[in-house]
Amino acid sequence: MTARTGRPVQKFSLSGELLATYPNMHEAGRQNFRSWQAIRNAITGESQTCAGFIWKEIKPNRDHRKKQIAKCSLKGKILKIYGSIEEAVQLNDISRNMIYKVASGQFKTGNGYIWKFLD
């Protein structure tokens, strides 16, 4: 990890109050006079706190259930667009896990169709 990369981190009091948000562990460490490794250890659970604070990393939202999903023929023609995987599951005889695996490229087809996430 370089000094300018990484996910945002948050600093909390021991009672759970959000005190600050930093662009990455390096900046959090610099502003709190600690190493980024010490902050990382508090985030990963190797230590409970760092500098008397609780630290958490902000992870990107990867909730694919809210992305639109396309049901496609084996030739790739879009047959139907659904507002979410949940909607596709309710209207088709297929599991959400199967749709996700096809849409993310782990499987080629699911129940005779190609499933694709739409941006």
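Glu-86 and Arg-96 pair up in a salt bridge, with their closest N and O atoms 2.6 Å apart. That pair ties together distant parts of the chain, since Glu-86 sits in helix α3 (residues 85-91) and Arg-96 in helix α4 (residues 96-103), ten residues apart. Keep in mind that this is a predicted model. In total, the structure holds three salt bridges, and here is a quick tour of them, plus a look at α4.

**The α3–α4 pair**
- Glu-86 is partly exposed, at a relative accessible area of 24%.
- Its partner Arg-96 is partly exposed too, with a relative accessible area of 44%.

**The pair from the segment before β1 to β3**
- Arg-7 makes a salt bridge with Glu-57, and here the closest N and O atoms are 3.7 Å apart.
- This pair also links distant parts of the chain: Arg-7 lies in the segment before β1 (9-12), while Glu-57 belongs to strand β3 (residues 54-57), 50 residues apart.
- The 3.7 Å spacing still makes the cut, because a salt bridge asks for a side-chain nitrogen of Lys or Arg within 4 Å of a carboxyl oxygen of Asp or Glu.
- Arg-7 comes out as partly exposed, with 31% relative accessible area.
- Glu-57 is partly exposed as well, with a relative accessible area of 23%.

**The pair inside α1**
- Glu-27 bridges to Arg-30, with 2.5 Å between the closest N and O atoms.
- Both residues sit in helix α1 (residues 25-31), and because they are three residues apart, about one helical turn separates Glu-27 from Arg-30.
- Burial splits this pair: Glu-27 counts as buried at 14% relative accessibility, whereas Arg-30 counts as exposed at 54%.
- Glu-27 lands on the buried side because buried means under 20% relative accessible area.

**A closer look at α4**
- Back in the helix that holds Arg-96, the residues Ile-99, Val-102 and Ala-103 are buried.
- Looking down the axis of α4, the buried residues fall within an arc of 95°, so they line one face of the helix.
- What do the buried residues of α4 pack against? They pack against β4 (68-72), α3 and β6 (114-118).
- So α3 turns up twice in the α4 story: it carries Glu-86, the salt-bridge partner of Arg-96, and it is among the elements that the buried residues of α4 pack against.
- Just after α4 comes Gly-105, which takes a positive phi of about 90°.

How values were computed
Residues numbered from 1 in each chain as written. Predicted model: local features only at pLDDT ≥ 70, side-chain atom pairs only at ≥ 80, totals over all residues. Heavy atoms only, no water. Helix = DSSP H or I, 4+ residues; strand = E, 2+ residues; numbered from the N terminus. Buried < 20%, exposed > 50% of the residue type's maximum accessible area, 1.4 Å probe, protein only. Arc of directions from axis to C-beta. Contact = heavy atoms within 4.5 Å.
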